[in-house]
Amino acid sequence: MPNENSYEVALQKSNAIREGLTKTPEKFTMLTGDRPTGRLHLGHYFGTLKGRVELQNMGAKTNVLIADYQVITDRDTTEHIQDNVYNMVMDYLACGIDPDKTMIYAHSAVPAANQLMLPFLSLVSEAELARNPTVKVEMEASGHELTGLLLTYPVHQACDILFCKGNVVPVGRDQLPHIELTRTIARRFNNRYGKVFPEVEALLSETPLLPGLDGRKMSKSYGNAINISMTAEETAKRIKKSQTDSERMITFDPENRPGVSGLLSTAAICTGRSEVEIAEEIGMGGSGQLKKYVTEAVNEYFAPIRERRQRYENDLDYVKDVLHEGNRRANEIAEQTLAEVQDAMGMVY
Ligand code: TRP
């Protein structure tokens, strides 16, 4: 029998949920979130934001978390955090997240959700925490020592998901170990104290991971990402600077031509065409013509989103109101869940 926690089983379950969502969206509570370490980029947009908006508009209960406490898992500063959080709200709104339908809130504003961390920590062993492969990768990538928070943040992420009784979490493959741990915590809590929490499943993205402009993993630190918030001119400049190669004929070959192929993938996702089709059309036009095509494709796709974003940039009061209202609703839900937890544990005085 396949392991419950294998990728294949996760994918099967994810497909079943996708089907369930079309039939009975009201049975699903989605929660997902982002670390506010900078601006959201095209990888975020096509990998997850677009899907969140679809779930929202299908009628699932949707919750989006700005994971500010996760910023300090592997760094020593909260510099720019307020600016990053407000800008994240702007990115969400511009991309179509509707605050009347989706609760947008920040970790640090919801004390009762954070308090779930105490009982949840008692339900996992040090060994289980230590073998989480994603935590290991993050520790190595950060060049930082393993902080207590980095080791235990997957438990904190279980608090994120379970405080609102989330049962579907749209995530990338790297987050699967955290979903597994959330499921384990929910089961152990329910077994020990009585049923409070639901079964949680991951919803895996259907779009393949969009590489950066140079073909490497898209990352702010590589300078190979286009942010949603960039202007058309900034976008053009970034694409112009991206590395291609000396071969004139444009072909799609991610292995041997990462730069050219990264550009083709960016154009493909924005136009809905295939990389090969675009490559054939440009042919001997070379990288100059390719870059022109990519720039137009990105700027055309994001023009309405960026126009909306501009309006929010000019109305910071509204952006703050959205977040405050989300925080208020999140607190209501968290206090309710914490009361159920304390009741189940007999901690009622
Ligand atoms: N760990 C996620 C990331 O790095 C962000 C996140 C925080 C999250 N809490 C979550 C995602 C809860 C899904 C569910 O992108």
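Trainee: Which helices each supply at least two residues of the lining of the second largest cavity?
Mentor: They are helix H4 (111-115) and helix H8 (148-163). Please bear in mind that the model is a predicted one. H8 makes the greatest contribution to this lining, with four residues.

Trainee: What makes a residue part of that lining?
Mentor: A lining residue must have an atom within 4 Å of a point of the cavity. The residues that line the second largest cavity are Tyr105, His107, Val110, Ala113, Asn114, His156, Cys159, Asp160 and Phe163. The volume of this cavity is about 50 Å³.

Trainee: Why is one residue of this lining classed as charged?
Mentor: The charged class holds Asp, Glu, Lys and Arg. Asp160 is among the lining residues, and as an Asp it therefore counts as charged. Besides one charged residue, the lining has five nonpolar and three polar ones.

Trainee: How many cavities of 30 Å³ or more does the structure hold?
Mentor: There are two. The largest cavity contains about 80 Å³ of space. Its lining draws two or more residues from each of helix H1 (7-23), helix H9 (176-193) and strand E5 (201-204). H9 provides the largest share, four residues.

Trainee: How do you know which residues in the lining of the largest cavity are charged?
Mentor: One compares the residue names with the class of Asp, Glu, Lys and Arg. Among the residues of this lining are Glu4, Lys13, Glu180, Arg183 and Glu201, so these belong to the charged class. The division is five charged, four nonpolar and two polar.

Trainee: Why is this space called a cavity, whereas another is called a pocket?
Mentor: In a cavity the probe fits but cannot get out, while a pocket is an open set of points, so the two names separate enclosed from open space. About 270 Å³ of space lies in the second largest pocket. It is lined by 13 residues, and Glu128, Arg131, Pro177, Glu180 and Leu181 lie nearest its centre. H9 gives the most to this lining, with five residues.

Trainee: What makes the pair formed by Gln70 and the ligand a polar contact?
Mentor: An N or O atom in the side chain of Gln70 is 3.0 Å from a nitrogen atom of the ligand. The cut-off is 3.5 Å, so the pair qualifies. A polar side-chain atom of Gln157 also lies 3.0 Å from a ligand nitrogen atom. For Asp160, the distance from an N or O atom in the side chain to a nitrogen atom of the ligand is 2.8 Å.

Trainee: How much of the accessible area of the ligand does the protein cover?
Mentor: The protein covers 88% of the 360 Å² that the ligand has on its own. Strand E1 (29-34), H8 and strand E4 (168-171) each give two or more residues to the shell around the ligand.

Trainee: How many aromatic pairs does the structure hold?
Mentor: It holds eleven.

Trainee: Why is the pair of Tyr45 and Tyr301 called edge-to-face?
Mentor: The ring centres of Tyr45 and Tyr301 are 5.7 Å apart, which is within the limit of 6.5 Å. Their planes stand at 70 degrees, and a value over 60 counts as edge-to-face, so the name applies. Tyr45 lies in helix H2 (residues 42-58) and Tyr301 in helix H13 (residues 286-313), so the pair ties together parts that are 256 residues apart in sequence.

Note on methods
Residues numbered from 1 in each chain as written. Heavy atoms only, no water. 1 Å grid on protein atoms, 1.4 Å probe; cavity = no way out; pocket = protein on both sides within 12 Å on 5 of 7 lines; lining within 4 Å. Points joined across faces, edges and corners; volume = space filled by probe spheres on them. Polar contact = N/O pair within 3.5 Å; in protein donor to acceptor, adjacent residues only side chain to side chain. Areas by Shrake-Rupley, 256 points an atom, 1.4 Å probe, with all protein chains shown as cover. Phe/Tyr/Trp six-rings, centres within 6.5 Å; stacked < 30°, edge-to-face > 60°.
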